[in-house]
Amino acid sequence: MTDVTGTGRLQGNTVGLAHIVFFVVAAAAPMTAVVGATPPAFAFGNGAGVPGAFVLAGLLYLVFSVGYTAMTPYVTGAGGFFSYISKGLGGAAGIGGALMALMAYFAIQIGIYALFAVFMQATLAPLGIVGPWWAFALVALAVIVLLGRRNIAISGRILGACMIAELLILLVLDIAIVRQGGGPEGLSLSGFRPSEVFGPGLGVSMVFVLGAYIGFEATAIFAEEAQRPERTIPRATYLAVFLISVFYAFSTWAISHYYGPSSVRVAAESALEGFYFNAAADLLGPWSVQVMNVLLLTSLFACLLSFHNTLNRYFYTLACESLVWRKMAHVHPEHGSPHVAGLVQAGLVALILGAFSFGSADPYTVVFSWMAGLAVLAILGTQILVSVSVIRFFQRDRLGRSALVVLVAPALATLGLLGAFALVGANITLLTGSQSAIVLAFPILVIATGALGAVVALTIKAFRPTLYAGLGRGLD
């Protein structure tokens, strides 16, 4: 319940399975991920084997979700990874994980604001509307903040509409490719054959593929507002991973057959930006290119709205734990949203965007590319801690759960995620397109951030033991 001061619980029983899936899939930004991220994977990775790379990533995250969702009934509140890690590994690891998660979501959000601004500039320029990229980013930020203040179901409906439009236009293109029997080489199982999937360049492809899944784990953040969270959150998690994996695998399989599996690498290298648009213009007509351009903007906007809501709930949880400014635990008296956290977050975003602008950083090659690379590493680091926490939590008492679910699956997920972290770290320069010393230091920065969180927690333990003892239980 929300009291008269505006503090208290987020509004419960507000969102159902569909709303949460919309948030998560919208955060994955289907149009942005398919049109923007997969052409480099085709060009520089394992070529025709990209669809199989999405299947591998989907399997990894389904295994991760087994332990993650098994722990869901024992984790309350909107703290997401912070709550999960604290329950199993204690407050020190919890704060470390929270800082890494905040780094990931903030980084990807900053990058997407910059990318949105770039495409909005290009869209409005022919209409005579011009301005610096940061101005377009700040206008988008203002709209996002206003929507984030409202009841979360409002955001869920907006995200759902945007997501459905994105999926439809891409599915129309995919179906058109299938109906015409593919391209010069016809249709086949190419893309899923082991020789193609595990061929040269798989590591490079996985860098781009893993980035397309950022945000699926946010299902748990909405537990406090979900209808029957003990059932809704696990179902939403599995459904989100399944939908993301199937859709991306199918779309990349279709486009590879439009160009031909043996030619798709060369086609992507020669037209990274027009890789999908050229196919759409050929099969669907010029109108489809215009529609895809508009939906690319709505995809980015929906992604921003999703991450804004996610970060609001992280700040809300940390405030409830008295780890940050307590007023960020206030919820809107009418809408039940963490509106103070939203204003604080917006202020930080504006400052960071301003700093990039002041430094004359290119919004695409620096702001977006660098922040995307940092986000992938940070979220993988956080997910590793979650998997270890699940093992630790159920090690003491399996609570009637199968060892396969709460011990074996999380152990396999931990190994897989560690390998993915090493893979992304080794290929970070390709993901960001930069050889900068700052970029090369991203893996160390992520690890150092987690360590800093642990140091902060141990400091709290030394000087405020009561507060430390309650970490992870502030929302119980």
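Two residues are in contact when heavy atoms of theirs lie within 4.5 Å. With that in hand, let us walk through this structure, which is a predicted model.

A good place to try the definition out is H308, a residue of helix α13. Leaving aside residues up to four places away in sequence, H308 touches Q109, I144, V145, G148, G342 and Q345. Is H308 buried or exposed? Its relative accessible area is 1%, and buried means under 20%, so H308 counts as buried.

Now step back to the whole chain. The protein chain is built with 20 helices and zero strands. Its C-alpha trace spans about 70 × 55 × 45 Å along the principal axes. For 476 residues, a compact globule would have a radius of gyration near 23 Å, and the 22 Å of the protein chain agrees with this. Of those 476 residues, 59% are buried. The contacts tell us how the chain comes together: among those between residues at least 6 apart in sequence, 83% join residues at least 24 apart. On the outside, the protein chain exposes about 17,900 Å², and carbon and sulfur atoms supply 69% of that area.

Helix α9 is worth a visit next. How many of its ten residues are buried? The count is nine, so α9 is mostly covered, given that buried means under 20% relative accessible area. The buried residues are L202, G203, V204, S205, M206, V207, F208, V209 and L210. Their cover includes α2, α3 (50-70), α8 (194-197), α15, α16 (403-426) and α17.

Helix α9 also brings us to the largest pocket, since α9 (202-211) is one of the elements that each supply at least two residues of its lining. The others are α1 (17-28), α2 (30-44), α5 (91-124), α13 (286-320), α15 (363-396) and α17 (428-432). Which helix gives the most to this lining? That is α2, with eight residues. The pocket has a volume of about 1,100 Å³ and is lined by 40 residues. If you want to find its centre on screen, look for G36, A37, P40, Y364 and F368, which lie nearest to it. By class, the lining divides into 31 nonpolar residues, eight polar and one charged.

The second largest pocket holds about 220 Å³ of space, and 14 residues line it. Nearest its centre are M103, A107, I352, M371 and L374. The elements giving two or more residues to this lining are α5, α14 (339-358), α15 and α19 (442-463). Here the largest share comes from α5, with six residues. What classes of residue make up the lining? There are 14 nonpolar residues, no polar ones and no charged ones.

Our last stop is A268, in helix α11 (residues 264-270). A268 is buried, with a relative accessible area of 0%. Not counting residues up to four places away in sequence, A268 touches P39, F42, A43 and F275. Compare this with P229: A268 and P229 are 39 residues apart along the chain, and 43 Å separates their C-alpha atoms.

Technical notes:
Residues numbered from 1 in each chain as written. Predicted model: local features only at pLDDT ≥ 70, side-chain atom pairs only at ≥ 80, totals over all residues. Heavy atoms only, no water. 1 Å grid on protein atoms, 1.4 Å probe; cavity = no way out; pocket = protein on both sides within 12 Å on 5 of 7 lines; lining within 4 Å. Points joined across faces, edges and corners; volume = space filled by probe spheres on them. Helix = DSSP H or I, 4+ residues; strand = E, 2+ residues; numbered from the N terminus. Nonpolar A, V, L, I, M, F, W, Y, C, P; charged D, E, K, R; others polar. Rg over C-alpha atoms; globule rule 2.2 N^0.38 Å. Buried < 20%, exposed > 50% of the residue type's maximum accessible area, 1.4 Å probe, protein only. Areas by Shrake-Rupley, 256 points an atom, 1.4 Å probe, with all protein chains shown as cover.
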